[in-house]
Structure formats: C-alpha cells, structure tokens
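Me: Please take a close look at a single part of the protein shown below, and then set that part against the rest of the chain. I would rather have one connected account than a list.

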Amino acid sequence: MLVKLLKVLRWLRLLKTDFVVVEQEVFPDEGSVSRGDLVVVRSGEVSKWACMRCPGGCGKQISLSLNPARRPRWGVSIDYWLRPTLAPSIHQKNECGCHFLLQNGKVRWCKDGRPKGQANSPAKTGARQRT
Ligand SMILES: [Zn+2]
C-alpha cells in the first residue's frame, strides 16, 4: 500500500509533511481521524468531504465540504506524494480559534491564527479577525 509506505517515510522523517491524504468512501466517525491524516471522502469520482484533526490545541475533528453546490466549500489538490493543499484557509470558530492554510501537506499559520496555548504570549487586544 502506497499510504503505508508514505507513513513509514514520514515516520523516518524522510518526507516532511504534516498531513497525508487518505481516501475513503464513508464519512469518518467523530474522533476516528488520526492526526496527520486528511481523510478525503469520495463517492465515485466526486469528492465530498475533507476531514482532519485540528492541528491546534483542541484536536477537534474538522470537516470541510468539497461539494461545489454548498457554501462554504474548499478545494483540495493532492500532489504525487499525497500531500494535500487546501484552499481557502481554515478558520476554527471555537475557543481554539486557529486559522491556518494547508499547503503541500504543511500547516502554515495565518497571522494571529496560531492557538494561544502554543504561542505563550498574552492575547493581543485590538486584533480583529477577518472572515
Ligand atoms: Zn483547534
């Protein structure tokens, strides 16, 4: 299995990526998505959902609609190494509040988007988040 090989490579740190795509046909149960997996739910040729664990402190499952008929929707592209790129950015509205891009499998934090628990700095005042 290519995915297994990729996981070994990632474990060996030969492949620098935070997320690898795993495709399946059924929507994953809450909490069943492993850290570092981006589960793309497909039905035939149609991609429906992209599910991941929040890379911020909360670790909650994030489900992004890929359905072009729904809003909001995200686009996902997958490279040769199964590294996902998602657009637009992902902005968690919960207490975690993280805001990030996923590009070539790597998490890129947006300005003020890194979870406060990881930033070890007092919350800034006057910083308004754009949506
Ligand atoms: Zn979070």
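Reply: pLDDT is the predictor's confidence in each residue, on a scale from 0 to 100. That matters here, since this is a predicted model, in which local features need pLDDT of at least 70, side-chain atom pairs count only at pLDDT 80 or more, and totals for chains, interfaces and linings use all residues. Residues are numbered from 1 along each chain as its sequence is written.

The mean pLDDT of the protein is 85, and 86% of its residues reach 70 or more. Over residues 119-131, however, pLDDT stays under 50, and for this stretch the model has 6 contacts beyond four places in sequence, a contact being two residues whose C-beta atoms, placed from the backbone, lie within 7 Å. Where pLDDT is low, the predicted coordinates should not be read in detail.

The protein holds 2 helices and 8 strands, which follow one another along the sequence as α-β-β-β-β-β-β-β-β-α; helices (H or I, at least four residues) and strands (E, at least two) are DSSP runs numbered from the N terminus.

The part to look at closely is the sheet of strands 1 to 4, an open sheet of 4 strands in the order 1-2-3-4 with mixed pairing, where two strands pair if DSSP finds at least two bridges between them. Its edges are strand 1 (20-24) and strand 4 (61-65), each of which pairs on one side only. Neighbouring strands of this sheet are turned by 25 degrees against each other on average, direction ignored; the axes behind such angles are lines fitted to C-alpha atoms, for helices over the stretch in contact, and angles run from 0 to 180 degrees between N-to-C directions.

Strand 2 (residues 37-43) pairs with strand 1 in the parallel sense over 5 bridges, and in this pairing V22 has V39 as its bridge partner, while E23 has V40. Towards strand 3 (residues 46-53), strand 2 pairs in the antiparallel sense, again over 5 bridges, and there V40 stands opposite A50. V40 thus has a partner named in strand 1, E23, and another in strand 3, A50. The hairpin of strand 2 and strand 3 has 2 residues between the strands, and in it G44 takes a positive phi near 65 degrees.

S43 also lies in strand 2. With 10 C-beta neighbours inside 10 Å, S43 counts as exposed, because a residue is called buried if 20 or more other C-beta atoms, placed from the backbone, lie within 10 Å of its own, exposed if 12 or fewer, and partly exposed in between. Apart from residues up to four places away in sequence, S43 touches E25 and K48, and its C-alpha lies 8.3 Å from that of V26, a residue 17 positions away in sequence.

Buried residues make up 19% of the 131 residues in the protein. The largest nonpolar core, meaning a set of buried Ala, Val, Leu, Ile, Met, Phe, Trp, Tyr and Cys residues joined through C-beta atoms within 7 Å, has 15 residues, and F19, V20, L38, V40, A50, M52 and L102 have the most contacts inside it. The elements giving two or more residues to this core are strand 1, strand 2, strand 3, strand 6 (84-91) and strand 7 (99-103). M52, one of the residues with the most contacts in the core, touches F19, V33, D37, L38 and I62 when residues up to four places away in sequence are left out.

Strands 6 and 7 belong to another open sheet of 4 strands, in the order 5-6-7-8, with antiparallel pairing. Strand 5 (75-78) and strand 8 (106-109) stand at its edges with a single partner strand each, so one side of each is left without a neighbour in the sheet. Strand 5 and strand 6 pair over 4 bridges, with P84 as the partner of I78.

In the loop between strand 7 and strand 8 sits G105, which counts as buried with 23 C-beta neighbours inside 10 Å. Beyond four places in sequence, G105 is in contact with T17, D18, F19, V20, R83 and P84; D18 is 87 residues away in sequence, yet the two C-alpha atoms are 5.4 Å apart.
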